[in-house]
Amino acid sequence: MDLLRFITCGSVDDGKSTLIGRLLYDSDSVSLDVLAALENRPTVQGTVDLALLTDGLRAEREQGITIDVAYKYFTTPRRKFIITDAPGHVQYTRNMVTGASNADLAIVLVDARQGVVEQTRRHTLVAALLGIRNFVLAVNKLDLVGFDQNIFEQIAADYAALTDHFQLPAATAIPLSALHGDNVVKRSNRLSWYTGPSLLEHLESVPAAVEAANAAPRFQVQYVIRPQTADLPDYRGYAGQIQSGHYRRGDRVKVLPSGLESTIEAIEVNQQEVETATAPQAVVLRLTDDVDISRGDAIIPVEHVPTLTRELEATVCWMSEQPLWPGRKLLLQHHSAVVKAAIPAILHKVNVQTFARAAADSAQLNDIVRVRIKTAVPLAVDNYHENRVTGAFILVDEQSGDTVAAGLIGAANADYFTAPVAPPVAFSI
């Protein structure tokens, strides 16, 4: 049984949390004690308020909005699902970026009364920027417009014009009413003019994204194990999670950034030796040679060695109230590797409503910008669109330890950015 990760996005009050609650409720994925608690709370139009299944923060319940990213899990006989409920407000764009970075599919909700609005465009383009290639246009609240087919078809046409203009993947349009459950899990008689699948039927049948197990092999050391006991005087193991691909005993590997080579002598999973291991298993690798390896080093088969560089171009979403300016020094964390870094240039700012580029000399909260980064030591990295695990990183403030940005290495798609851009503002470091 495969796994599909998807995110719900769209404008505030389009019904994202209610839709997720309906999926969980109608697929019998809500426990009896949670159901009992819901039934004791005020109803919405005579129906249990299913949005409470995901809006867990007190401020969310009081305001009737989503603020933080919520994750929910459910399973059907055909597939496992991880749902990400992202906030719709503009000021929480950084939360939406966090949620979309792990998703294989995006459900873009549109209120049938409002149609395609600014935040619909913003979330669609941000999801595409983060590498999502499967989109569902869920036209919600059709019960409030009398399940009018013409309204649904007009919204679907407007959204298709948006995706065509920006050369984005075509979306599957599905009419529904999340509050009453029409066409969410089961097809509805009130939508007799619609002949396509329900939302859940589509989610069960859409091809899943290529799993990390099929990507190039990547492993980063999280901990060096040296017991130095009487029983294990010379034991040296390198613990970590296989980020992508397969590892086999006997593989010839290279340690990065040092460039030293060795051979995998043994692979341990749960303290048992195995012949092979696959992402995302946690393993201990033992090598035939005693080489100098530290936390953050990568152990890669010699035929799949990635780029080793101190200079990166990346798309980052700035998450701090303190602005980013060229020349600022930060820490770059690439999984377990933490290195000093500086931002010598902001190449351009991305307008997430039009995907146009504009020159920028700083980045403010929620801005998405293209930057050039220099690191103190080389990093083994991949392009984000080739490997979403090893193509991502975060930037951390050296003084406070706060995470100030999420970054995607080489994640700009030239086809999306068609507007001219002024020369970047560059500073030396």
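Tutor: Let's start with a term we need: a residue is buried when its relative accessible area is under 20%, and exposed when that is over 50%. Keep in mind that this is a predicted model.

Student: Which residues of α6 are buried?

Tutor: Happy to go through them. The cut-off for buried is under 20% relative accessible area. In α6, the residues that meet it are Phe152, Ile155, Ala156, Tyr159, Leu162 and Thr163.

Student: Within what arc do the buried residues of α6 fall, seen down its axis?

Tutor: In general, an α-helix has 3.6 residues a turn, so residues three or four places apart point the same way. The buried residues of α6 line one face of the helix, because seen down the axis they fall within an arc of 115°.

Student: What do the buried residues of α6 pack against?

Tutor: Both strands and a helix take part. The partners of these buried residues are α5 (118-129), β4 (105-111), β5 (134-140) and β6 (171-175).

Student: Which exposed residues does the face of α6 turned away from its buried side carry?

Tutor: Exposed calls for over 50% relative accessible area. On the face turned away from the buried side of α6, the exposed residues are Asn150, Asp164 and His165.

Student: How far apart are the end C-alpha atoms of helix α6?

Tutor: Helix α6 covers residues 149-165, which is 17 residues. At 1.5 Å a residue it should span 24 Å, and the distance between its end C-alpha atoms agrees: 24 Å.

Student: At the start of α6, which backbone nitrogen does a side-chain oxygen of Asp148 reach?

Tutor: Good spot to look at. The Asp148 side-chain oxygen comes to within 2.8 Å of the backbone nitrogen of Asn150.

Conventions:
Residues numbered from 1 in each chain as written. Predicted model: local features only at pLDDT ≥ 70, side-chain atom pairs only at ≥ 80, totals over all residues. Heavy atoms only, no water. Helix = DSSP H or I, 4+ residues; strand = E, 2+ residues; numbered from the N terminus. Expected span 1.5 Å × (residues − 1). Buried < 20%, exposed > 50% of the residue type's maximum accessible area, 1.4 Å probe, protein only. Arc of directions from axis to C-beta. Contact = heavy atoms within 4.5 Å. Polar contact = N/O pair within 3.5 Å; in protein donor to acceptor, adjacent residues only side chain to side chain.
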